[in-house]
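Please look through the structure shown here together with its sequence. The paragraphs after it go from strand pairing to single residues and then to a pocket.

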Amino acid sequence: MTWRPTIAALTALCLALTTAPGSGGAAPAPPAPRDAADVNVHTNLLAGPPGAPPGVCPGGTGYGPPLPASSVSATKIQSGFSFLEGPVWIADGGYLLMSDMAAGTGPNNVQPSTIRRFTPPATFDTFIANAGSNGLALSPDAQQIIAATHDQRNVSAYRLSDQARSTVAADYQGRAFNSPNDVTVRPDGVVYFTDPNFQRGNRPDQMSGRTSVFRVSGGQVSLVDDRLRQPNGIALSPDGSTLYVGAYSENKIYKYVVQPDGSTGARSVFVNYLGGPDGVTIDCAGNVYWASGSDGLIHVYSPAGAQLGTIRSGGTGTTNVAFGGPDRQTLYITSGRTNDSGLYSVRLNVPGYPY
C-alpha cells in the first residue's frame with residue numbers, strides 16, 4: 001500500500017509534536033501474522049513527504065543498480081569530531097544535521113551531545129548545543145527534527161526555525177526508557193524508535209533489562225517488540241509496508257509487516273548480518289544501506305535481502321548514513337574512531353528516500 005499524507009493526518013502530527021504526551025496504555029493486541037510472501041517488496045513508491053524536493057521518489061520509476069561498482073569508497077569531508085551519529089538532510093535549507101556525542105560526564109555518566117550542521121561544500125557550525133541527541137529524522141511537515149534523546153531518556157522534537165524543544169514520547173506506562181537511539185517517521189506522523197541501553201549510563205534500569213522498539217501514534221506510546229537484544233538502526237520502506245530494525249547484539253536485521261494504522265504484524269529475519277548493524281537509510285528503490293561499526297562498511301541490500309555491494313568510509317566505527325544533496329543522490333556517512341569521527345560522502349545511482 002502506498003502512503004500519502006492527508007491534511008488531517010499532518011494537522012494531527014503537528015498537534016502531537018507540539019505537546020508533551022504522557023505515557024501510553026498497554027500495547028494493543030498484535031494483528032494476525034502474515035507470511036513473508038505477503039510482504040510488499042516496495043514496488044509502490046512515495047513521492048515524498050511535504051518539504052522534500054519534488055520528484056525525489058517519482059512513482060513508477062524503474063531504477064538500475066544503486067552502486068557504481070560492487071565495492072566503492074567514500075570521500076572524507078572533515079574529521080576530528082567526538083562521535084558523529086544520526087545524519088539527516090534538510091532540503092529546504094540545503095544542509096545536513098548530525099549528532100556529535102562526547103564522553104559521559106557527571107555522576108550518571110551521561111554523554112553530552114551537540115547537533116552540528118554541515119552546509120556544503122565545507123562549512124560546519126553548531127546548530128543546537130546540549131541537544132542530548134543520537135538518531136535524527138525529519139517531521140513530515142519538514143519544520144522539525146525528531147530526535148532520539150538520551151539526555152532525558154525520551155524522544156524529542158526540535159523546531160528548525162528557533163530550535164525550541166518539545167516532547168514526543170516521555171515514557172512507557174510511567175517507566176523511563178533506557179536511552180532512545182534511532183528514530184524513523186512515517187509520512188502520516190507515526191514515529192518508531194529503538195531503545196537500547198548504550199547511553200543510559202548509571203541511571204536506574206526501569207525496563208527490567210529489556211531493550212525494545214516502540215511506536216508513537218496520536219501521542220500514545222505502544223510497544224512494538226521487547227525481544228531484541230540492543231535494537232539500533234531503524235527505517236521504513238518507501239511504501240511504508242515494512243519496518244526494518246537492526247539488533248546490534250544479535251548480528252541480525254529484522255523486518256516487520258506494517259499495517260495501515262501503523263501497528264506491526266509478523267516479524268522475520270531480513271539479513272543475518274556480520275558486524276553489528278548500526279544506523280540505516282533506504283533509497284527510492286527500497287534498497288537498504290546499513291552501517292557496520294566493526295568493519296567500517298556500509299552493506300547494501302536489495303528489498304529481497306540480497307547483498308548488492310559495500311561502501312567503505314572511515315576504516316572502523318561507521319555509525320550511520322543519510323541521503324542528501326539537491327538531487328538526493330549523495331550518501332553521507334558518519335564514521336571513524338572516537339575523538340576522530342568524520343563525515344564522508346559518495347555519489348550513488350539511485351536517489352535516497354526522504355529521511
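Two strands pair if DSSP finds at least two bridges between them. With that in hand, take strand S8 (residues 144-149) and strand S9 (residues 154-159) in this predicted model. S8 and S9 pair in the antiparallel sense, over six bridges. One pair shows what a bridge joins: Ile146 has Ala157 in S9 as its bridge partner. Four residues lie between the two strands of this hairpin, and Arg153 has a positive phi near 55 degrees there.

The chain then goes on to strand S10 (165-169). S9 and S10 run antiparallel and are joined by four bridges. Tyr158 has Arg165 in S10 as its bridge partner. These two strands also form a hairpin, with five residues between them, and in its turn Gln163 has a positive phi of about 65 degrees. S9 therefore pairs with S8 and with S10, by the rule that at least two bridges make a pair. Is S9 buried or exposed? Five of its six residues are buried, so the strand is largely enclosed by the rest of the structure.

As for the chain as a whole, it has one helix and 25 strands. It counts 355 residues, of which 59% are buried. Contacts can also be sorted by how far apart the two residues lie in the sequence. Among those between residues at least 6 apart, 53% join residues at least 24 apart.

After S10 comes a loop that leads to strand S11, and Ala176 is found in this loop. Is Ala176 buried or exposed? Its relative accessible area is 17%, and because buried means under 20%, Ala176 counts as buried. Leaving out residues up to four places away in sequence, Ala176 touches Arg153, Asp171, Gln206 and Met207. Arg153 has already appeared, in the hairpin of S8 and S9. Gln206 is 30 residues from Ala176 along the chain, yet their C-alpha atoms are separated by 5.8 Å.

The loop ends at S11, which belongs to an open sheet of four strands in the order S11-S12-S13-S14, with antiparallel pairing. Strand S11 (183-185) and strand S14 (220-225) are the edge strands, each pairing on one side only. On average, neighbouring strands of this sheet are turned by 25 degrees against each other, direction ignored. S11 pairs with strand S12 (residues 191-195) over three bridges, and Val183 has Phe193 in S12 as its bridge partner. At the other end of the order, strand S13 (residues 212-217) and S14 pair over five bridges, with Val216 opposite Val221 in S14. S13 and S14 form a hairpin with two residues between them, and Gly218 in the turn has a positive phi of about 60 degrees.

A further open sheet has four strands in the order S2-S25-S24-S23, and its pairing is antiparallel. Its edge strands are strand S2 (75-81) and strand S23 (320-324), and each pairs on one side only. Here neighbouring strands are turned by 20 degrees against each other on average, direction ignored. S23 and strand S24 (residues 330-335) run antiparallel and are joined by five bridges. In this pairing, Asn320 stands opposite Thr334 in S24.

Another loop residue can be set beside Ala176. Ala103 lies in the loop between strand S4 (95-101) and strand S5 (113-119). Its relative accessibility is 58%, and because exposed means over 50%, Ala103 counts as exposed. Which residues does Ala103 touch, not counting residues up to four places away in sequence? They are Val110, Gln111 and Pro112. Ser82 is 21 residues from Ala103 in sequence, and the two are 8.1 Å apart in space, C-alpha to C-alpha.

The last feature is a pocket. The second largest pocket has a volume of about 270 Å³. Of the 19 residues that line this pocket, the closest to its centre are Phe83, Glu85, Met101, Gln199 and Thr319. Which classes of residue make up the lining? It has six nonpolar, 11 polar and two charged residues.

Methods. Residues are numbered from 1 along each chain as its sequence is written. This is a predicted model: local features need pLDDT of at least 70, side-chain atom pairs count only at pLDDT 80 or more; totals for chains, interfaces and linings use all residues. Side-chain values use heavy atoms; hydrogens and water are left out. Axes are lines fitted to C-alpha atoms, for helices over the stretch in contact, and angles run from 0 to 180 degrees between N-to-C directions. On a 1 Å grid over the protein atoms alone, a cavity is a set of points where a 1.4 Å probe fits but cannot get out, and a pocket is an open set with protein on both sides within 12 Å along at least five of seven lines; lining residues have an atom within 4 Å of a point. Grid points are joined across faces, edges and corners, and a volume is the space filled by probe spheres set on the points. Ala, Val, Leu, Ile, Met, Phe, Trp, Tyr, Cys and Pro count as nonpolar, Asp, Glu, Lys and Arg as charged, and the others, Gly among them, as polar. Buried means under 20% relative accessible area, exposed over 50%, partly exposed in between (1.4 Å probe, protein chains only). Contact means heavy atoms within 4.5 Å.
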